[in-house]
Amino acid sequence: MNKVKNQHYVPQFYLKQWANNKKQLFVYDKKQNKNFTSNVKSIASSKFFYDFPIIDEIAKNEIRIHLKRNGYEDTYIDSLFQEQVLENGFSQLESIVSPLLNQIIKKIDDVSLLSENRIKNYPIFTKDNKKIFSDYIASQLVRTNKHKLFQKDMTIQLFDGMKKVYKNNTNDNLIVEVDNNFHKWQYVGNILPLTFEFSKLFESYKWIIYRNFTNMPYYISDSPVTQYGQLGKFGLKEKGVEIRFPLSPKYELIIHEPTFIDEQCSLLDIDNIHILDNQIDNIQQSNDLQIQNSECQIYTNLDDYTFIENRLKQIKEQN
């Protein structure tokens, strides 16, 4: 089997929801302050992104011992040493989610022919579909380059803290070197356990589709799963947290922590509501989250970057 070189951390089938008939979409690069048009094959990807570093048997045994101490089973550890195990696993998941996403969007399109601004008793996701999408959204949250850089930064901060404590207690400088192989093993080794943990949480929350009938589309980015805290706390288990995930320029899925939305929307019979119309200020808020959450690039289906440029200017001025 040929090895996959260009590995996407945002899948092509998902990016295509924002692409034209030439499979192109509009890109704004906030680090370079420039915009351009790109094919979905050329963005949100990197060479051998999910591949484990090549190591010898001694290093493998050290990793095996470390993982077993942390509670990982032999079958899981063995799978990590298989060639391109993560890339192959994501490909299998995407092959299931891709047609399912198209079915979901068509289902929302069909019911959107109705005039009501809220749709009750019309569940978009079956129990099985919800489980599949929970896995997919959870994996998308942790498989990005931004998450990879975050984990690396946290590891560096941890070892810097250890060095300071050691120096204060001994007056000696502790030399700790962490190479890139360690960071990559840490990143790819945590993807599946975090995906399983977050997926179960998402599945237990309240899911609502928000429709967009304004002139501003929903954006996505190279880190498209965003979090918003209605009470100011953004942790996935915090009361009032929302996990926001656009499905297309017209539709966004928001996964609500249930206790807060039940309290705030009790008069709407929220348990039976599955689709709501969104207002422009909420759409702008979701797009702002995409802009701020992105590692580098924001994607849209319109050749209009005014909102992105204005928001980035405001953020720069505030800092």
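How many of the 319 residues in the protein chain are buried, as a percentage? Buried residues make up 46% of them in this predicted model.

**Figure 1. The whole chain, with its helices and strands.** The protein chain has ten helices and twelve strands. Among contacts in the chain with a separation of 6 or more, 76% are made by residues 24 or more positions apart.

**Figure 2. The open sheet of six strands.** The strands lie in the order S5-S11-S6-S10-S9-S8, and their pairing is mixed. S5 and strand S8 (226–229) are at the edges; each has a single partner strand, so one side of each has no neighbour in the sheet. On average, and with direction ignored, neighbouring strands of this sheet are turned by 25° against each other. Helix H9 (residues 280–293) packs on the sheet, where it touches S8, S9 and S10. The direction of H9 makes about 120° with that of S8.

**Figure 3. Strand S11 and the strands on either side of it in the sheet order, S5 and S6.** Strands of a sheet pair through backbone hydrogen bonds, in either a parallel or an antiparallel manner. Strand S11 covers residues 273–277, and four of its five residues are buried. Strand S5 (residues 118–120) pairs with S11 in the antiparallel sense over three bridges. Strand S6 (residues 206–211) runs parallel to S11 and is also joined to it by three bridges. Leu-276 of S11 takes part in both pairings: Leu-276 is the bridge partner of Arg-118, and Tyr-210 stands opposite Leu-276.

**Figure 4. The pairing of strands S9 and S10.** Strand S9 (residues 241–246) and strand S10 (residues 251–256) run antiparallel and are joined by five bridges. One pair to look for is Phe-245 with its bridge partner in S10, Leu-253.

**Figure 5. The packing of helices H4 and H5.** Helix H4 (residues 85–111) and helix H5 (residues 127–142) pack at an angle of about 120°, and their axes are 10 Å apart. At that angle H4 is therefore oblique to H5. The crossing of the two helices is left-handed. On the H4 side the contact is made by Phe-90, Leu-93, Ile-96, Val-97, Leu-100, Leu-101 and Ile-104. H5 contributes Asn-129, Ile-132, Phe-133, Asp-135, Tyr-136 and Ser-139. By class, the residues of this contact are ten nonpolar, two polar and one charged.

**Figure 6. The surroundings of Leu-141 in helix H5.** Leu-141 has 14% relative accessibility and therefore counts as buried, the cut-off being under 20%. Apart from neighbours within four places in sequence, Leu-141 is in contact with His-147, Phe-198, Phe-202, Val-225, Gln-227 and Leu-236. Gln-227 is 86 residues away from Leu-141 along the chain, and the C-alpha atoms of the two are separated by 9.9 Å.

**Figure 7. The crossing of helices H9 and H10.** The axes of H9 and helix H10 (residues 306–318) cross at roughly 65° and come within 11 Å. The two helices are therefore roughly perpendicular to each other, and their crossing is right-handed. H9 makes the contact through Gln-284, Asn-287, Asp-288, Ile-291 and Gln-292, and H10 through Phe-307, Ile-308, Arg-311, Leu-312 and Ile-315. This contact has five nonpolar, three polar and two charged residues.

How values were computed. Residues are numbered from 1 along each chain as its sequence is written. This is a predicted model: local features need pLDDT of at least 70, side-chain atom pairs count only at pLDDT 80 or more; totals for chains, interfaces and linings use all residues. Side-chain values use heavy atoms; hydrogens and water are left out. Buried means under 20% relative accessible area, exposed over 50%, partly exposed in between (1.4 Å probe, protein chains only). Two strands pair if DSSP finds at least two bridges between them. Axes are lines fitted to C-alpha atoms, for helices over the stretch in contact, and angles run from 0 to 180 degrees between N-to-C directions. Angles under 35 degrees count as roughly parallel, over 145 as roughly antiparallel, 65 to 115 as roughly perpendicular and the rest as oblique. A crossing is left-handed if the near helix is turned anticlockwise from the far one by less than a right angle, and right-handed if clockwise. Contact means heavy atoms within 4.5 Å. Ala, Val, Leu, Ile, Met, Phe, Trp, Tyr, Cys and Pro count as nonpolar, Asp, Glu, Lys and Arg as charged, and the others, Gly among them, as polar.
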